[in-house]
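Dear colleague,

I am handing over the structure below, together with some notes on its aromatic residues. Please read the notes with the coordinates open beside them.

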Amino acid sequence: MRSNIFLPLSIPTLQLLTAWLLSDSQAYVTSGLPGHKHRAWLKKMTTDIVAVAPGKLSPQDCVNTPLLVSAWAENPWLPYNSKKADSNKLNHKYITPNVYPHHGKECALACEQLLKRLVDERRAGNKNAVANTQTYNALIEVWSKSGEMGAAAQRAEEIVVGMQDAYASGEKEVQPDLQSFRLLLRAWSQAKGEENAPYRAQQILEWMNSLHESQENSLVQPDAECFDIVLHTWALSHHSVAPQKTEELILYMDKLQREGNDRAKPTRFSFNQVLNAWSKVKGPEAAQRAEDILRNMIEIGKSKDSDLVPNIVSYSAVISSWCRSQHDDRGRRAERILKLAEKHNKQSSVEVNLDNVIYNLVIDAHAKTSSNKAHLRARAVLDRLIDQYNNGTKRCKPDVYSFSSVLSSCANLSGSKKERQNAFDIAQSTFDDMIRFGVQPNHVSYGIMLKACARLIPMGKERRKYVRHYFKAACHDGCVGGMVLDRLKDASSNVQYEALLKGNKENTLPSAWTSRVPVNEKYRRGSGHYTKGSGRR
């Protein structure tokens, strides 16, 4: 069934007009007028053109209308520098286009009005009124960036279907091209909350291939960018079949390449989407599958295809997968991948660009295991991170999460009295190293240290000393929140607890004590408990 996209009938072939429109449209977008005046001018021009009776547009109006479509598609509420930066992102095939932060729907509807007016004018017999593929692509793009999610994707799909129908019936000037379909795929990739988005994107990809193979449209043979958008859409979803779907797409890309479509060759980005899809699945089987794919990338990269050499995204996805696996040995499994990345950096000309995030993931994985050596392994990874930074890798500067995760691994230890004492010594030295390194402890760091006091030191004089020390330091640094107070209760006697609070109530603490605590970690007045934030361990 033909979609309602306001397509004109029997449009003659254009010669060089499209190129002129695209270049000259920048003059409108960057006219130099102040933003509010530029928008008022666009609105007046649009209103004036739409108000003219069909068949009465002047030749200049017919020229201006596609230019106005391009101007609205650029979103006149955005500063020019912002649009230029966004355009640069769009030229990078691995980045999904940003959604306009505001007025996206208004821009899309203005484009719809102008395009419909141009079509009506053509149908009224005005041969100067022309809407071609580039004009429709501008409309598809503005819908894809409008922020209207599923509704925008459905409208974009209606437009492309209508373009293909019109082209099949002889209207050559509106033949959808590869860019038309890329923009449509991107629209579905932006349709957050739409459960069927990845399915629709994949069906469109299959339609493209069918159109090309049947010679119904020679311009829409899918390339790697089209596949990558669909892979990315699957990877962002939480469908249980997403990992399998991404693997099937990789195999399909490989098949097309072997059949002669070199533009469909899988890339590192393609494989990274498969890894990202597996990283969202809990369980050791999923983590192992991700690791197997990573190792396959490493081997392929060595032998014949440097494009598939893993990067920081590849290694991080597999480490994240092991962190989510719930496997009791996930710390060591994650560290094994980190060591592969470190080895890669030493042996390959293509650097992985290691950073503190990937080390923090491994430290945290160790902290969440039950091994009585987890704290030692976590501290060893922290030491390697510090070495990386001291050797000149500025991205590897440890942060509060690096140190706090080691503290957590110490505080979680269950072992003999000697083992607990050793763990507390490591926690204490790690906390001191954090201070010496210039990293300021936060409410989580202090809460964990008080937890370490409660779990690792027997009740007595020594515990009271350390509890007093860390609580006073938390007060001085403005880090007394709900987590700190909870841990203080666990670590101290009732007498010491009341003495350290100095007569203050939990929900009326001095502002100096709580100045650096996030709002969701503070006690609610009169509630008797605190709101748990994401930082709680």
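In which helix does Tyr470 lie? Tyr470 belongs to helix H21, and before going further I should say that the model is a predicted one, which applies to everything that follows.

Tyr470 counts as buried, because its relative accessibility is 1% and the cut-off for that class is under 20%. Leaving aside residues up to four places away in sequence, Tyr470 touches Gln428, Phe431, Tyr446, Met449, Leu450 and Cys453. Among these contacts, Met449 is 21 residues from Tyr470 in sequence, while the C-alpha atoms of Tyr470 and Met449 are 7.2 Å apart in space.

The aromatic pairs come next. With ring centres required to lie within 6.5 Å, the count comes to ten aromatic pairs. One of them joins Phe181 and Trp207, with 5.3 Å from centre to centre and 70° between the planes, an arrangement that is edge-to-face. Phe181 is in helix H8 (residues 178-189) and Trp207 is in helix H9 (residues 197-213), so this pair ties together parts that are 26 residues apart in sequence. As for the surroundings of the two rings, Phe181 is buried at 0% relative accessibility, whereas Trp207, at 26%, counts as partly exposed.

A further edge-to-face pair is formed by Phe471 and Trp513, whose ring centres are 5.9 Å apart and whose planes stand at 90°. Here Phe471 lies in helix H21 (residues 461-476) and Trp513 in helix H24 (residues 511-514), and the pair therefore ties together parts that are 42 residues apart in sequence. Phe471 is buried, its relative accessible area being 1%, and Trp513 is likewise buried, with a value of 11%.

There is also an aromatic cluster, made up of Tyr389, Phe403 and Phe437. The ring of Tyr389 has a charged neighbour as well, in that the charged end of Lys394 sits over it at 4.9 Å from the ring centre. A lysine is also placed over a tyrosine ring at Lys465, which lies over the face of Tyr466 with 4.7 Å to the ring centre.

If you would like a place to begin, I suggest opening helix H21, where you will find both Tyr470 and Phe471.

With kind regards

Key
Residues numbered from 1 in each chain as written. Predicted model: local features only at pLDDT ≥ 70, side-chain atom pairs only at ≥ 80, totals over all residues. Heavy atoms only, no water. Phe/Tyr/Trp six-rings, centres within 6.5 Å; stacked < 30°, edge-to-face > 60°. Helix = DSSP H or I, 4+ residues; strand = E, 2+ residues; numbered from the N terminus. Buried < 20%, exposed > 50% of the residue type's maximum accessible area, 1.4 Å probe, protein only. Lys NZ or Arg CZ within 6 Å of the ring centre and 35° of its normal. Contact = heavy atoms within 4.5 Å.
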